[in-house]
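Colleague: Before I rely on the terms used for this model, I should like to hear the reasoning behind each of them. Please show me the structure, and then let us go through the labels in turn.

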Amino acid sequence: MSHAAKHVRATGSTESPDLPRQLGDADAQTWRGAAAILDANWTGTHTVPSRTLYPHQWSWDAGFIGVGLAHVAPERAWQDLRSLFEAQWPDGRVPHIVFDPGVTERDYFPGPSFWTGGTPYATDPAAQDGNGAGPRRAVRAPGGGAGWPGNEAGSGRPSSGIVQPPVHAVGAWEVYRRAPGDAAAEELGWLYPRLVAQQEYLTTCRDVGGAGLAAIVHPWESGLDNSPAWDEALAAVPLAVEVLHRYTRRDIQVVSSDHRPTDDDYARYLSIALSYRDGGYRDAELGARHPFLVECPGFNALRGLAEVTLARIAEVVGADPAPHRARARDITRQLAERLFDPATGMFHALDVRTGRRSAARCVNGLLPLVLPELPVAQVAGLVAAIGSARFGIDAGMPVPSYDRSAADFDPLRYWRGPVWFNINWLLRLGLRTHGREQLAETLRSALLHLVRHSGYYEYFHPGTGAGIGSPAFSWTAALTLDLLADQPR
């Protein structure tokens, strides 16, 4: 065990982590700053995205945070993932927020009471597994993972009822790869069946369109909350402003409202979430009753990447990797046939309710690049888009969240223009997967330039590089560590 790992076990701190030998003085300072943020955002059981706006544990954040902790505190990375998956529901879903009971309702909205409707369980004797077939069962409401084998008592932490992109297998594999050994293999063995259950839930319960792609039931499930990719589908959701009047938005008390989704968007978000909650979080017959159902190319690409990664994990834990490889190929084929537009050279979100693809060129349409068996012509289209004026990597700036040339491009408002560190980290992974090393290094350099000059923000202005949103953001810090450690040879 390294000196850094021993220090973490004793104190939970990465105050003096071992530095990669190749780092110069400036990069060493950046490394220490990133490690200090992960220390500051550690609660003792899990890592919060930031102390200012996100005081609980977020699902896909935990996966990205693990990538960084792998370099400085692998034991803490495993504990973070365990903390999240202890709140997994019996149907396999991993909730997008696991709430800290020590944080009051007034410190974050929508909090636990919103997701439970004031009751700890929602049960429906008519609820069924998968797409409507299978045994009758009760649906677990947000309450902390009780019912999972070996976790019958639950985590004691309430949760939301929706999910986020399944990046956790990638995070777990990176922790194992960076710090292998018997203890790490044991952690993989604990996680593996839970990761498989997560994938099974998305593959069966969420295949609303019947074509093998998972549908998201809320824009928040994509991770790209107010992306233009959802505009058309959201416009069909009745605008019930009175829903918003019943609640107080916490986000715009902390961050400028110019940087966040609009009130109209937020009213629709709450309406969609209430529809899903009041239906007992059942996934059977969603097409007949739920107002928002979209096949997101980014979400499904990360679902495919999870299967690729699970094949590697399976080999470590003694399971069969073949089913994971087969499912990864199926997801890749389904994405290529259903969501790719040859006219744009990109993938586009599909509204399951109307059968129409969004015309918006959004960054989630570039994420299928992470899939190793993506057709060569589609890889070429995505690489061209990443190098184009629309997405701007050639200007020395990382890829923005939306087409720069679009009339409604907004450099400040969340996922409607700003640069996001985690998405660019994934795009770099995709570029390297397909042998575009020079472009991948250009992207790496641009990302590191951002944090050196602006700090570890939640997101960044796509023109000036100024930090926006929450400062001291965990996944930005974590992925900075990974980029610094992964120096070009």
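The exchange below takes the descriptive terms one by one and sets each against its criterion.

Colleague: What kind of model is this, and how many helices and strands does the protein chain have?

Modeller: The model is predicted. The secondary structure of the protein chain amounts to 19 helices and 9 strands.

Colleague: What share of the residues in the protein chain is buried, and what makes a residue count as such?

Modeller: Of the 489 residues, 62% are buried. The label requires a relative accessible area under 20%. The accessible surface of the chain is about 17,500 Å², and carbon and sulfur atoms hold 50% of that area.

Colleague: Which share of the contacts joins residues 24 or more positions apart?

Modeller: Among contacts in the protein chain with a separation of 6 or more, 69% are between residues 24 or more positions apart.

Colleague: Which strands form the open sheet, and why are β3 and β7 said to stand at its edges?

Modeller: The sheet has 3 strands in the order β3-β6-β7, with antiparallel pairing. β3 (294-295) and β7 (356-357) each have a single partner strand, so one side of each lacks a neighbour in the sheet, and they are therefore the edges.

Colleague: How do you know that β6 and β7 pair?

Modeller: Pairing requires at least two bridges. Strand β6 (residues 350-351) and β7 share 2 bridges in the antiparallel sense, so the criterion is met. In one of them, Leu 350 has Arg 357 of β7 as its bridge partner.

Colleague: Where does the second largest cavity lie, and what makes it a cavity rather than a pocket?

Modeller: A cavity is a space where a 1.4 Å probe fits but cannot get out, whereas a pocket is open. By this rule there are 2 cavities of 30 Å³ or more. The second largest cavity has a volume of about 70 Å³. Its lining includes Ala 229, Val 294, Leu 350, Asp 351, Arg 356 and Arg 357. Two or more lining residues come from each of α9 (231-235), β6 and β7. By class, the lining has 5 nonpolar, 2 polar and 4 charged residues.

Colleague: Which residues are closest to the centre of the second largest pocket, and what is its volume?

Modeller: The volume of the second largest pocket is about 480 Å³. Its lining has 19 residues, and the closest to its centre are Glu 174, Arg 177, Arg 312, Leu 429 and Thr 433. The elements that supply two or more lining residues are α6 (168-178), α14 (297-317) and α17 (421-433). The lining comprises 8 nonpolar, 2 polar and 9 charged residues.

Colleague: Why is Glu 174 called buried or exposed?

Modeller: Glu 174, in helix α6, has a relative accessibility of 11%. That value is under 20%, so Glu 174 is buried. Beyond its neighbours within four places in sequence, Glu 174 is in contact with Val 67, Ala 70 and Asp 482.

Colleague: What is the corresponding verdict for Val 170, and which residues does it contact?

Modeller: Val 170 is also found in helix α6. Its relative accessible area is 10%, under the 20% limit, and Val 170 is therefore buried. With neighbours within four places set aside, Val 170 is in contact with Leu 305, Thr 309 and Trp 425. Its C-alpha atom is separated by 9.0 Å from that of Gly 66, 104 residues apart along the chain.

Colleague: How do you know whether Leu 431 is buried or exposed?

Modeller: Leu 431 lies in helix α17. Its relative accessibility is 0%, so Leu 431 meets the limit of under 20% and is buried. Apart from neighbours within four places, its contacts include Leu 369, Val 383, Ile 386 and Leu 443. The C-alpha atoms of Leu 431 and Ile 386 are separated by 9.7 Å.

Colleague: What makes the backbone at Tyr 281 and at Tyr 414 worth a remark?

Modeller: Tyr 281 has a positive phi of about 60 degrees although it is not a glycine. Tyr 281 is in the loop between α12 (263-278) and α13 (286-289), and at 2% relative accessibility it is buried. Phi of Tyr 414 is likewise positive, near 60 degrees. Tyr 414 belongs to the loop between α16 (376-386) and α17, and its relative accessible area of 5% makes it buried.

Colleague: Why is the peptide bond from Phe 109 to Pro 110 called cis?

Modeller: The omega of that bond is near 0 degrees, and the bond is cis. Pro 110 is in the loop between β2 (97-98) and α5 (112-116).

Notes. Residues are numbered from 1 along each chain as its sequence is written. This is a predicted model: local features need pLDDT of at least 70, side-chain atom pairs count only at pLDDT 80 or more; totals for chains, interfaces and linings use all residues. Side-chain values use heavy atoms; hydrogens and water are left out. Helices (H or I, at least four residues) and strands (E, at least two) are DSSP runs, numbered from the N terminus. Buried means under 20% relative accessible area, exposed over 50%, partly exposed in between (1.4 Å probe, protein chains only). Contact means heavy atoms within 4.5 Å. Accessible areas come from the Shrake-Rupley method with a 1.4 Å probe; for residues, only the protein chains shown count as cover. On a 1 Å grid over the protein atoms alone, a cavity is a set of points where a 1.4 Å probe fits but cannot get out, and a pocket is an open set with protein on both sides within 12 Å along at least five of seven lines; lining residues have an atom within 4 Å of a point. Grid points are joined across faces, edges and corners, and a volume is the space filled by probe spheres set on the points. Ala, Val, Leu, Ile, Met, Phe, Trp, Tyr, Cys and Pro count as nonpolar, Asp, Glu, Lys and Arg as charged, and the others, Gly among them, as polar.
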